[in-house]
Amino acid sequence: MATGQPLLSLRAAGTGGWYHLRTRLDPTWSELADSPELPALFLPWLLPRTTAASSFSDPRPMPLAQLQPGPAAQRPTVSAPPLRAPERDLAPWVVGAAGVLFGLERLLASRRSSQQAA
């Protein structure tokens, strides 16, 4: 919908900012919402390049497979098990939270309807 406003706007807040996307990614007119390239398309807007290469700080972590030791660091390789965070199944918590929210909504709806009837 053409409203004359920018598609993506930035409001500065401290050292960062808030982005506002003024469109719906409706599948009837665009397949962009289902596209796996969507985050890569927004990345240049969210992390703009600076003019000096030394002042650019990329907050994304570098995979350990890309770190290669230089010729001065010829140390024997010690294979250690990879550090992993414990995996937890969050499905019971999500279902429980949804049940509590549903029950709370029903309680508030029944109170409102009984107040209107009186």
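Me: Hi! In what order do the elements of the protein run from the N terminus on?
Reply: Hello! The order is β-β-α-α, starting at the N terminus. That makes two strands and two helices in the protein. Keep in mind that this is a predicted model.

Me: Good to know. What is the average pLDDT of the protein, then?
Reply: The average is 75, and 72% of the residues score at least 70.

Me: Where is confidence lowest and where is it highest?
Reply: Among the elements, helix α1 comes out lowest with a mean of 78, while helix α2, residues 91-117, comes out highest at 90. As a general caution, predicted coordinates should not be read in detail where pLDDT is low.

Me: Fair enough. Let's start with the strands: in which sense do β1 and β2 pair?
Reply: The pairing is antiparallel, and six bridges hold to that pattern between β1 (residues 8-13) and β2 (residues 16-21).

Me: And how many residues sit between β1 and β2?
Reply: Two residues lie between the strands, which form a hairpin. Have a look at G14 in the turn: its phi is positive, about 65 degrees.

Me: Nice. Which residue in β2 does A12 stand opposite?
Reply: A12 faces G17 across the hairpin. You can also find R11 opposite W18 of β2.

Me: What about S9, is that residue buried or exposed?
Reply: S9 belongs to strand β1. S9 counts as buried because its relative accessibility is 19% and the cut-off for buried is under 20%.

Me: Which residues does S9 touch?
Reply: Leaving out residues up to four places away in sequence, S9 touches W18, Y19, H20 and R22.

Me: Back to the whole chain for a second. What share of the residues count as buried?
Reply: Of the 118 residues in the protein, 3% are buried.

Me: And how much area does the protein expose?
Reply: About 11500 Å², and 61% of that area is supplied by carbon and sulfur atoms.

Me: What about contacts between residues far apart in sequence: what percentage join residues at least 24 apart?
Reply: That figure is 9%, taken among contacts between residues at least 6 apart in sequence.

Me: OK, over to helix α1. Where is W45, and which residues does W45 touch?
Reply: W45 lies in helix α1. Not counting residues up to four places away in sequence, W45 touches L8 and Y19. The relative accessible area of W45 is 42%, so this residue counts as partly exposed.

Me: How far apart are W45 and S9?
Reply: Their C-alpha atoms are 10.0 Å apart in space, and the two residues are 36 apart in sequence.

Me: What about L46, where does that one sit?
Reply: L46 is part of helix α1, which covers residues 38-46. With a relative accessibility of 44%, L46 is partly exposed. From the C-alpha of L46 to that of G17 is 9.6 Å, with 29 residues of separation along the chain.

Me: Which residues make the nonpolar surface patch?
Reply: The patch is made by L7, L10, Y19, W45 and L46, and has an area of about 500 Å². Why can W45 and L46 be part of it? Both are nonpolar residues, and patch members need over 30% relative accessible area; W45 has 42% and L46 has 44%.

Me: Last topic: how many salt bridges are there?
Reply: The count comes to one salt bridge. The partners are E105 and R106, whose side chains meet at 2.9 Å, N to O. In general, side chains of opposite charge can pair when their charged atoms come close.

Me: Are those two buried or partly exposed?
Reply: Both are partly exposed: E105 has a relative accessible area of 38%, and R106 has 44%.

Notes: Residues numbered from 1 in each chain as written. Predicted model: local features only at pLDDT ≥ 70, side-chain atom pairs only at ≥ 80, totals over all residues. Heavy atoms only, no water. Salt bridge = Lys/Arg side-chain N within 4 Å of Asp/Glu carboxyl O. Buried < 20%, exposed > 50% of the residue type's maximum accessible area, 1.4 Å probe, protein only. Helix = DSSP H or I, 4+ residues; strand = E, 2+ residues; numbered from the N terminus. Patch = residues over 30% accessible without salt bridge, like charges linked within 9 Å, V, L, I, M, F, W, Y side chains within 5 Å. Areas by Shrake-Rupley, 256 points an atom, 1.4 Å probe, with all protein chains shown as cover. Contact = heavy atoms within 4.5 Å. Pairing = 2+ DSSP bridges. pLDDT = per-residue confidence, 0-100.
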